[in-house]
Amino acid sequence: MPRENYQKVKLLYLHELLLQETDEQHPLTTQEICARLGKDDIICDRRTLTKDVNLLNQYGFEIMSMNIGHEKAYYVKDRSFSLPEIKILMDSVQAAAFITDKKTAELVDKLASLGGVHKADLLKKNIVCFNTRKHTNEQIFYSVDVIEDALENKKKLSFYYFDLNEKGERVYRKNKKRYVADPTALIYNEDNYYLMCYSGKYEGICNYRVDRMDEVQVEDENVMKEAVIHIADAGEYTKQVFKMYGGQVCDCAIEFDDTLIGVVYDKFGEDTEMIRLSRNKCIATVKIQVSPTFWGWIFQFVGRMRILSPNTLAQEYKDRCQEVLTGEKPEVNDDRPVVQEDKA
């Protein structure tokens, strides 16, 4: 940049300097600011600095001032994010399993920098690394970007889909034939991203783990009209689904120990209506999807939770308990709901 143009970006340099390197505990004096700007060939003195700060404040940048001895000092107090907000975002990134170790480190650094250099060191120092289940698919951010493009333009997506074998190697489904899907939503659930799609073959919703998708592409063809209709139902769908496994939806009455009240609220929401049956027992009617994940959830609380209705579901619960004891699957001659496995 030609020397004469440095003065034109003086306010940008000044604001960036104060934003990154100052806070209430670390103001910069007039002399320090002038010296720092001078290193970048930007001419500044006490008189012009006061005018520059007043101009920034006039346009809403909120530069604060204080006296250090006989000298004036400046700092930025109000930032886009407060320290607790940045800490929560950093912890969320660190906890998310779908974000790889490499990308986690990059995002944590970017978020920490929002608090300025002094707070950034403090924020990163206090991080507790507790997630050891990070995925390794470095393409996930690219995939999310492509998926968002397809959703915005209501276009089909194609991709390869894989599982991992016992050695952690990719095993592609359909002999590495590309999947073509009609996307309806991108859903974050249980530390993972899922692509929710409408399936014309199954005439319903199916889901794909984004970290298991490879070489995602937007197709020229528009999504089916049924997929567009389901976009509006994405929020309700996520309330019903357990870890993205499909199944018949039904209202289920459960009885449980009052020590599980918090567990029920955590799973179904704090607006769940409960009735106390006795000193230690409560009942609630919740909307579920009958799926393997539902059974896995409720079996955690054997002896402290049971299904009251519908009768077919209560009987299936008993049959599954018997199957665990005997290792033999009982004959089924009733009309209870059939579980739909993950269609991915």
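Biologist: What share of the contacts in the protein with a separation of 6 or more comes from residues 24 or more positions apart?

Modeller: The model is a predicted one. The protein holds 12 helices and 13 strands. Among its contacts with a separation of 6 or more, the share that comes from residues 24 or more positions apart is 65%.

Biologist: What percentage of the residues in the protein is buried?

Modeller: The protein exposes about 20,200 Å², of which carbon and sulfur atoms supply 49%. A residue counts as buried when its relative accessible area is under 20%. Of the 344 residues in the protein, the buried ones make up 42%.

Biologist: What is the strand order of the open sheet of 3 strands?

Modeller: Strand 1 (residues 28-29) pairs with strand 3 in the antiparallel sense over 2 bridges. Strand 2 (residues 63-68) also pairs with strand 3 in the antiparallel sense, over 6 bridges. The open sheet, with its antiparallel pairing, therefore has the order 1-3-2.

Biologist: Which strands stand at the edges, and why is one side of each left without a neighbour in the sheet?

Modeller: Strands of a sheet pair through backbone hydrogen bonds, either parallel or antiparallel. In the open sheet with the order 1-3-2, each edge strand has a single partner strand, so one of its sides has no neighbour in the sheet; the edge strands are strand 1 and strand 2.

Biologist: Which residue of strand 3 stands opposite Leu28?

Modeller: Strand 3 pairs with strand 2, where Met66 stands opposite Ala73 of strand 3. Ser65 stands opposite Tyr74 in strand 3. The residue of strand 3 that stands opposite Leu28 is likewise Tyr74.

Biologist: How many of the 6 residues of strand 3 are buried?

Modeller: Helix 3 (residues 46-58) lies across strand 2 and strand 3, and runs at about 30° to strand 3. Strand 3 (residues 71-76) is largely enclosed by the rest of the structure, because its buried residues number 5 of the 6.

Biologist: Which residue in the turn of the hairpin formed by strand 2 and strand 3 has a positive phi?

Modeller: Strand 2 and strand 3 have 2 residues between them in this hairpin. The residue in the turn has a positive phi of about 70°, and is Gly69.

Biologist: Which residue other than glycine, in the loop between strand 5 and strand 6, has a phi near 60°?

Modeller: Most residues other than glycine have a negative phi, and most peptide bonds are trans. Lys174, in the loop between strand 5 (170-172) and strand 6 (179-189), has a positive phi of about 55°. A further residue of that loop is partly exposed, with a relative accessible area of 40%. The residue with a phi near 60° is Lys176.

Biologist: Which residue does a cis peptide bond join to Ser309?

Modeller: The residue in question lies in the loop between strand 13 (305-309) and helix 12 (311-326). Omega is about 0° for the cis bond that joins Ser309 to Pro310.

Biologist: How far apart are the end C-alpha atoms of helix 12?

Modeller: At 1.5 Å a residue, the 16 residues of helix 12 should span 22 Å. Helix 12 is followed by Gly327, whose phi is positive, near 80°. The distance between the end C-alpha atoms of helix 12 agrees with the expected span, at 23 Å.

Biologist: Which elements do the buried residues of helix 12 pack against?

Modeller: The buried residues in helix 12 are Leu313, Ala314, Glu316, Tyr317 and Asp319. An α-helix has 3.6 residues a turn, so residues three or four places apart point the same way. The buried residues of helix 12 pack against strand 10 (249-257), strand 12 (281-289), helix 11 (292-298) and strand 13.

Biologist: What span should the 13 residues of helix 4 have at 1.5 Å a residue?

Modeller: Helix 4 covers residues 83-95, with Ile86, Met90, Val93, Gln94 and Ala95 buried. The distance between its end C-alpha atoms agrees with the expected span, which is 18 Å.

Biologist: How many disulfides does the structure hold?

Modeller: A disulfide requires two cysteine sulfur atoms within 2.5 Å. For Cys34, the nearest cysteine sulfur, that of Cys44, is 3.8 Å away, and Cys34 is buried, with a relative accessible area of 15%. For Cys206, the nearest cysteine sulfur, that of Cys197, is 5.3 Å away, and Cys206 is buried at 6%. Neither Cys34 nor Cys206 is in a disulfide, and the number in the structure is 0.

Terms used. Residues numbered from 1 in each chain as written. Predicted model: local features only at pLDDT ≥ 70, side-chain atom pairs only at ≥ 80, totals over all residues. Heavy atoms only, no water. Helix = DSSP H or I, 4+ residues; strand = E, 2+ residues; numbered from the N terminus. Expected span 1.5 Å × (residues − 1). Buried < 20%, exposed > 50% of the residue type's maximum accessible area, 1.4 Å probe, protein only. Contact = heavy atoms within 4.5 Å. Areas by Shrake-Rupley, 256 points an atom, 1.4 Å probe, with all protein chains shown as cover. Pairing = 2+ DSSP bridges. Axes fitted to C-alpha atoms, helices over the stretch in contact; angles between N-to-C directions.
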